[in-house]
Amino acid sequence: MARKTKARTTKAEPPGTALTHIDAKGDARMVDVSAKPATERTAVAEGRVLMSKATLALIESGQAKKGDVLATARIAGIMAAKRTSELIPLCHPLALTKVTIDIATDRKLPGCIVRASVKVTGPTGVEMEALTAVSVACLTIYDMIKAVERGVRIEGIHLIEKIGGKSGHYRAGA
């Protein structure tokens, strides 16, 4: 017996509020950016890795068993930004022109603040690349120290700023 499915309907959305990765039938799609001009675009994202003071001291002293935690996390974040389209469905592969990962230790947290800045000249933005870079750098910090502390928390991964493109400049909290 054939199963009846209810037809999907879509309401007209105000400009800028429609989900771009969903077509008129409600199916997932990759956005066609071929008609968009190549412009310089930048995105900055941030996240935090919270841990005990003792574990943070281990990172700062360079005594972690697996090696230099922060250097390894920086490399992992850069690599992740470059491979975002392989990890996130429907993301466009981009020829990134710059990826910077800054990791600051903060004894008040205690933990690490991870910030990624990603740049491209192209027809689409790099927000997902910046967020992926931060996520993987934070996960790498966890992986490097999990043997001494399993209760480490990754928190607050979010977009700080986006510059360029049709939607213009975005700054969190502004």
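Trainee: Over which residues does pLDDT stay under 50?
Mentor: Keep in mind that this is a predicted model, where local features need pLDDT of at least 70, side-chain atom pairs count only at pLDDT 80 or more, and totals for chains, interfaces and linings use all residues. Residues are numbered from 1 along each chain as its sequence is written, and side-chain values use heavy atoms, with hydrogens and water left out. pLDDT is the predictor's confidence in each residue, from 0 to 100. That score stays under 50 over residues 1–15.

Trainee: How many contacts beyond four places in sequence does the model have for residues 1–15?
Mentor: A contact means heavy atoms within 4.5 Å. Beyond four places in sequence, the count for residues 1–15 is 5.

Trainee: What pLDDT does the protein chain average?
Mentor: Let's go chain-wide: 87% of the residues score at least 70. The average pLDDT of the protein chain is 88.

Trainee: In what order do the elements of the protein chain run from the N terminus on?
Mentor: Helices (H or I, at least four residues) and strands (E, at least two) are DSSP runs, numbered from the N terminus. The protein chain has 4 helices and 5 strands. Strung out from the N terminus, they read β-α-α-α-β-β-α-β-β.

Trainee: What is the order of the strands in the open sheet?
Mentor: Two strands pair if DSSP finds at least two bridges between them. The open sheet has 5 strands with antiparallel pairing. Going across, the order is β2-β3-β1-β4-β5.

Trainee: Which strands stand at the edges, and why is one side of each left without a neighbour in the sheet?
Mentor: An edge strand here has a single partner strand, so one of its sides has no neighbour in the sheet. The two strands in that spot are β2 and β5 (170–171).

Trainee: Which residue in β5 stands opposite Glu161?
Mentor: β4 and β5 pair in the antiparallel sense, over 2 bridges. Facing Glu161 from β5 is Arg171.

Trainee: And in β3, what is the bridge partner of Ile101?
Mentor: β2 (residues 98–106) and β3 (residues 111–122) are antiparallel, with 9 bridges. These two strands make a hairpin with 4 residues between them. Within β3, the partner of Ile101 is Ala116.

Trainee: Is the peptide bond from Leu109 to Pro110 cis or trans?
Mentor: Most peptide bonds are trans. Pro110 sits in the loop between β2 and β3. With omega near -15 degrees, the bond from Leu109 to Pro110 is cis.

Trainee: What is phi of Leu90 near?
Mentor: Leu90 is in the loop between α3 (84–87) and β2. With 30% relative accessibility, Leu90 counts as partly exposed (buried is under 20% relative accessible area, exposed over 50%, partly exposed in between; 1.4 Å probe, protein chains only). Most residues other than glycine have a negative phi. Leu90, though not a glycine, has a positive phi near 75 degrees.

Trainee: How far apart in space are Ser117 and Asp102, C-alpha to C-alpha?
Mentor: Ser117 is in strand β3. Leaving aside neighbours within four places in sequence, Ser117 is in contact with residues including Thr42, Val44 and Val99. Asp102 is 15 residues away from Ser117 in sequence, and their C-alpha to C-alpha distance is 8.5 Å.

Trainee: How much of the protein chain counts as buried?
Mentor: Ser117, for one, is partly exposed, because its relative accessible area is 27%. Over the 174 residues of the protein chain, the buried share is 34%.
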